[in-house]
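Biologist: Could you please take me through the contacts in this model?
Modeller: Certainly; let us look at the structure together.

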Amino acid sequence: MRALLRNRIVRRAAGTAGTLFGVAVFVFVMLRAIPGNQITAGLGTEAAALTPAQQAALERYYGLDQPLVAQFFAWLGNMFTGNFGYSARNQQSVLDLTLRSLPVTAELAVLSIVLALLIGVPLGMLAASRPNAARDALGQVVSLAGLSIPAFLLATTLLSVFAASFGFNPNGQGFATLAEDPLLNLRQMVLPALVLGFGIAAPILRTTRAAVLEVRSEDFVRTARAKGVPERRLQVRHVLGNALVPIVTMTGLQFGYLLGGAVVVEQIFSVPGIGRQVLLGIQQKEYAVVQSTVLVIALAFVLVNLLTDVLYRVIDPRVRAS
Amino acid sequence: MPRGALSAAALAATLSLALASCSSSSGSDSSGPAPGAEGTGGGKPLVVGVTSDPDTLFPWKATQFQAVNVLQNLYGTLTEFDKDLNVVPGLAESWDASEDGKTLTLKLRQGVTFADGSAFDSADVKSSLDKIMDEKTAAVARASLSSVKSVEAPDANTVVLKLSAPDAALPANLATVNMAMLSSDDTEEKLTATPNGTGPFTLGKRVPSQSITLTRNDAYWGAEKAKSPSVEFRVIPDESSIVSAMQSGNVQLAVFNDPLVAQTAEGGGTITVAKTPQLNYHVLQLNARRGELGDVNVRLAVQCAIDRKQVLDTAALGEGEVTGPNTAPAFKSDPDKRPCPTRDLAKAADYLGKAGKSGGVTIKTIVSQGEYATSVNEAQSLKAQLAEAKINLDLEVLESGAFVDRWVAADFDAAVALNGGRPDPDGSYGRYFTSDGNLNKVAGYSSDKLDKLFAEGKATTDQAARKAIYDQVAAELEDNAAWIWLFSGYTYTATTSGVQGFTPMANGSLQSLRATSVS
């Protein structure tokens with residue numbers, strides 16, 4: 001049994017390593033397939049005025065004179081030693097940049113998920129409590145709005161309305177981390193988390209509604225009700241408890257996507273998260289920034305999936321038993 | 001929910017909040033006063049909203065708008081431009097050309113120091129100019145010193161430039177931040193981390209991708225020190241979000257290029273927007289070395305088939321002026337003197353007939369998506385107009401990186417572009433339209449006559465005579481339809497109430513930030 005367990009862990013670790021290596025190769029190749037390089041990204045059309053000697057000097061400076069395979073393995077090898085590369089634009093190591101931006105995105109993701117769950121789960125249960133009734137229609141309207149209103153539109157509208165009408169725009173101030181100024185930080189996170197949370201609430205609402213409807217038709221629910229279990233306890237303990245697996249799956253997936261960076265929302269609200277770090281890296285063709293950051297995001301996604309699997313075991317005894 | 005699940009969720013939330021609280025947004029340097037603090041000379045700090053932070057802090061390689069705007073407040077140049085773009089003394093108090101025009105002697109200002117306290121002298125000027133001319137430095141302004149044979153520093157306050165030929169454009173060329181004077185002890189590596197200039201501000205604090213704060217340089221040589229104790233360039237990536245930040249009072253000044261954003265800002269009533277005509281010009285670049293555009297008659301047909309005012313109205317809400325090649329106030333071209341100053345389809349058909357292309361021609365045209373706000377709209381307007389003259393503009397809309405790649409390689413028949421203008425027409429066009437110009441491959445056109453005119457322009461110091469020469473340059477370019485000049489737009493300086501002293505300039509410079517205060 002222990003050998004089997006070890007085997008499964010080894011298999012999972014190997015799968016993770018393979019996934020990350022695939023991501024590394026893919027990002028490396030895709031970045032170089034995009035026209036331009038750090039020289040043209042930095043100089044723009046002025047790059048046309050470079051003499052061959054100037055061009056060669058800049059290629060040496062950015063390490064572009066090395067063969068691609070050498071560039072790839074040099075970068076990957078450095079990653080194993082904790083050297084994620086260096087951002088000439090920011091004058092900082094990519095590791096330092098990531099250590100600053102990843103927690104910001106993680107905080108935004110958690111707040112968004114909490115808001116999404118607060119909106120999606122109760123409304124989903126409400127909708128499922130009486131299918132095709134007015135409350136179900138309300139749930140459908142909310143989920144349709146969440147799915148169909150683009151984040152950029154909602155974000156821009158909220159920002160403009162709050163700033164112009166109420167003078168409320170904490171995001172116009174310099175960004176503060178939780179450690180620096182918790183109150184300002186939370187005020188700066190409110191609108192972006194609301195925009196993201198509203199969008200994510202929609203699939204959670206739909207998943208909750210479908211899962212609850214399915215569980216409600218199970219025999220054990222009828223039995224529990226016949227045995228006189230109070231309705232409130234029945235809905236929360238028996239119905240929602242057994243409907244949690246698909247809800248957790250959906251939440252885990254959405255959380256993973258959020259860690260990948262809610263680029264648009266981060267741009268509009270000037271939140272210095274990991275999505276913006278990747279975007280700026282792509283714009284400036286800072287290969288090391290993009291490659292290393294994407295790898296960190298991929299790793300975070302894998303870890304969230306792992307956490308989701310662990311949660312299955314916590315919430316569903318059948319998974320534990322198997 | 002089972003207690004275990006709740007605990008796991010709570011653990012995840014706590015962990016990420018703990019991670020967030022551990023994160024630091026400390027800048028790379030915090031030697032100056034904290035943002036928001038008032039300096040020794042009083043005044044309130046100024047916050048400028050920008051969409052991006054500088055991509056480099058090394059002035060000789062800076063071409064990005066945001067980088068140039070920050071660096072020109074940190075570094076000094078031998079000459080400067082005043083608000084009307086006249087060349088005025090900077091670190092050089094005066095300069096004299098020899099009678100044959102082949103020697104330029106500059107007298108340096110005394111008592112100037114760098115931000116690190118070291119003295120500025122002629123050794124720094126010689127070192128800076130020598131390094132800019134060295135190809136290994138890859139300085140972008142190297143070509144502007146092509147007439148300089150050698151730099152001599154006979155004493156601490158004098159610099160002598162020996163020229164291969166007279167160069168009247170040289171004083172203007174010395175005024176750009178790409179010609180910033182650096183200490184001979186400094187290196188590129190050192191300066192990209194810690195700028196060390198002679199400008200009115202010094203670097204206070206930088207938080208990558210978030211903000212860069214400059215603090216007043218109390219040792220600045222100018223008669224007036226900077227009015228604000230600090231200027232923070234705050235990065236707000238979206239222009240509409242900058243408008244919101246101004247409405248809520250968090251940002252006091254911003255410069256926009258998109259007329260639509262400017263209109264939005266003005267609409268609220270709390271922000272004042274001033275528009276300034278720009279030296280930059282919107283143009284349909286034709287590559288006369290490729291395909292059907294090699295025939296001057298085809299190019300002239302394109303010229304006659306375009307109503308520039310209509311392009312301006314449809315693509316840029318009418319915000320700009322139809323222009324000829326020279327956009328600098330002292331050399332401005334008269335657009336009415338070009339062939340077909342108004343749209344003339346009959347004449348366009350004649351030209352196509354002369355080229356033997358009465359059936360029509362197709363011109364592959366590259367357009368950038370996102371490089372500037374009006375590019376695609378301009379291209380579509382041009383396409384619609386030219387179609388009526390049987391000229392098919394085959395548009396290839398490219399992501400800005402791909403556009404730059406193709407433009408740099410001159411891999412296009414035509415390109416819809418927004419090109420930077422300079423106060424001196426030699427700086428604007430000498431590099432494009434002289435046969436040995438470093439951008440001539442991209443310009444796609446040169447002639448002996450243009451070579452001669454540009455050489456004459458450089459050798460002539462009399463302003464009226466130079467204006468006449470560059471009028472001839474403009475006529476030669478438009479008579480041959482080397483490119484199709486369309487219009488030059490405005491930049492929009494938005495300020496909140498209480499901001500005083502800022503003077504927008506036609507070259508987009510923010511050098512008057514030193515005179516700007518917030519009450």
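**Contacts between chains and domains**

Modeller: In this predicted model, the contact between the chains takes 55 residues from chain A and 58 residues from chain B.

Biologist: What area is buried between chain A and chain B?

Modeller: About 4,900 Å² is buried between chain A and chain B, and carbon and sulfur atoms give 58% of that area.

Biologist: How many salt bridges are found across this interface?

Modeller: There are two salt bridges across the interface of chain A and chain B. One of them joins the side chains of Arg431(B) and Glu46(A), with an N to O distance of 2.9 Å. In addition, 17 residue pairs are in polar contact between the two chains.

Biologist: Which helix gives the largest share of the side of chain A that touches chain B?

Modeller: That is α5(A), with seven residues. By class, this side of chain A has 29 nonpolar, 20 polar and six charged residues.

Biologist: Turning to chain A alone, which domains does it have?

Modeller: The domain assignment gives domain 1 (4-89) and domain 2 (95-319). Their centres, taken over C-alpha atoms, are separated by 32 Å.

Biologist: How many residues of each domain are in contact with the other?

Modeller: In chain A, 26 residues of domain 1 are in contact with 22 residues of domain 2. The two domains bury about 2,300 Å² between them, 67% of it on carbon and sulfur atoms. On the domain 1 side, Leu31(A), Phe84(A) and Arg89(A) lose the most area to domain 2, together 26% of what that side buries.

Biologist: Which residues form the salt bridge there?

Modeller: Arg12(A) pairs with Asp309(A), and their closest N and O atoms are 2.7 Å apart.

Conventions
Residues numbered from 1 in each chain as written. Chains lettered and ligands numbered in written order. Predicted model: local features only at pLDDT ≥ 70, side-chain atom pairs only at ≥ 80, totals over all residues. Heavy atoms only, no water. Contact = heavy atoms within 4.5 Å. Buried area = accessible area lost by both parts, 1.4 Å probe. Salt bridge = Lys/Arg side-chain N within 4 Å of Asp/Glu carboxyl O. Polar contact = N/O pair within 3.5 Å; in protein donor to acceptor, adjacent residues only side chain to side chain. Helix = DSSP H or I, 4+ residues; strand = E, 2+ residues; numbered from the N terminus. Nonpolar A, V, L, I, M, F, W, Y, C, P; charged D, E, K, R; others polar. Domains from an automatic or database assignment.
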